[in-house]
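Hi,

Here is the structure I promised to pass on. Have a look at it first, and then read on for my notes.

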Amino acid sequence: MMKQLFVAGLLMGATFFTVETYAQQPQQPQQEKPRGDREGFFKKIDTDNDGKLSKAEVEAAAKEDKRTSRLSENFAAIDADKDGFLTKEELQAYRKANPPQGGPRQKDGGRK
């Protein structure tokens with residue numbers, strides 16, 4: 001009986017020590033990019049780093065990431081000056097004039 005109490009006490013102490021130690025460890029921040037990381041999105045697609053997106057760059061990105069297919073489908077409409085390239089300014093103007101279906105999002109991520 002005494003041996004069982006001793007073992008139970010050791011197990012409880014070890015459990016408490018483990019939980020306390022884990023609770024004191026700093027938590028690692030998540031490495032996910034924020035949804036609104038448009039700069040990172042643009043740089044990822046701009047493979048030649050010229051500050052604008054060609055039709056070829058957009059199509060290549062659309063093959064790798066289906067989320068980019070909307071950009072490829074609307075390339076001509078986004079290319080306001082019809083020079084065959086998309087700039088950050090053209091993308092911003094297009095997004096402003098054509099908010100995602102369902103209406104514009106609020107700053108906290110919810111719908112208006």
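To start with one helix: which exposed residues does helix 6 carry on the face turned away from its buried side? They are Glu 89, Gln 92 and Lys 96. Keep in mind that this is a predicted model.

The other side of helix 6 holds the buried residues Glu 90, Leu 91 and Tyr 94. Viewed down the helix axis, these buried residues stay within an arc of 100 degrees, so they line one face of helix 6. That fits the usual geometry: an α-helix has 3.6 residues a turn, so residues three or four places apart point the same way. As for partners, the buried residues of helix 6 pack against helix 2, helix 4 and helix 5, and also against strand 1 (53-54) and strand 2 (85-86).

Now the overall layout. The chain has six helices and two strands, and from the N terminus the order of elements is α-α-β-α-α-α-β-α. Of its 112 residues, 20% are buried. Among contacts with a separation of 6 or more, 32% join residues 24 or more positions apart. The accessible surface is about 9,500 Å², with 57% of that belonging to carbon and sulfur atoms.

On to the inside. The largest nonpolar core has 11 residues: Phe 42, Ile 45, Leu 53, Val 58, Ala 61, Leu 71, Phe 75, Ile 78, Leu 86, Leu 91 and Tyr 94. At least two residues of this core come from each of helix 2 (38-45), helix 3 (55-64), helix 5 (75-78) and helix 6 (88-97). Ile 78 is a good place to zoom in: leaving out residues up to four places away in sequence, Ile 78 touches Leu 71, Leu 86, Glu 90, Leu 91 and Tyr 94.

Thr 68 is worth a click too. Thr 68 lies in the loop between helix 3 and helix 4 (69-73). Is Thr 68 buried or exposed? Its relative accessibility is 3%, and buried means under 20%, so Thr 68 counts as buried. Apart from neighbours within four places in sequence, Thr 68 is in contact with Phe 41, Ile 45, Val 58, Ala 61 and Ala 62.

Lastly, the rings. There are zero aromatic pairs in the structure. What you will find is the charged end of Lys 52 over the ring of Phe 85, at 4.3 Å from the ring centre.

Cheers

Conventions:
Residues numbered from 1 in each chain as written. Predicted model: local features only at pLDDT ≥ 70, side-chain atom pairs only at ≥ 80, totals over all residues. Heavy atoms only, no water. Phe/Tyr/Trp six-rings, centres within 6.5 Å; stacked < 30°, edge-to-face > 60°. Lys NZ or Arg CZ within 6 Å of the ring centre and 35° of its normal. Core = buried A, V, L, I, M, F, W, Y, C linked by side-chain atoms within 4.5 Å. Buried < 20%, exposed > 50% of the residue type's maximum accessible area, 1.4 Å probe, protein only. Helix = DSSP H or I, 4+ residues; strand = E, 2+ residues; numbered from the N terminus. Contact = heavy atoms within 4.5 Å. Areas by Shrake-Rupley, 256 points an atom, 1.4 Å probe, with all protein chains shown as cover. Arc of directions from axis to C-beta.
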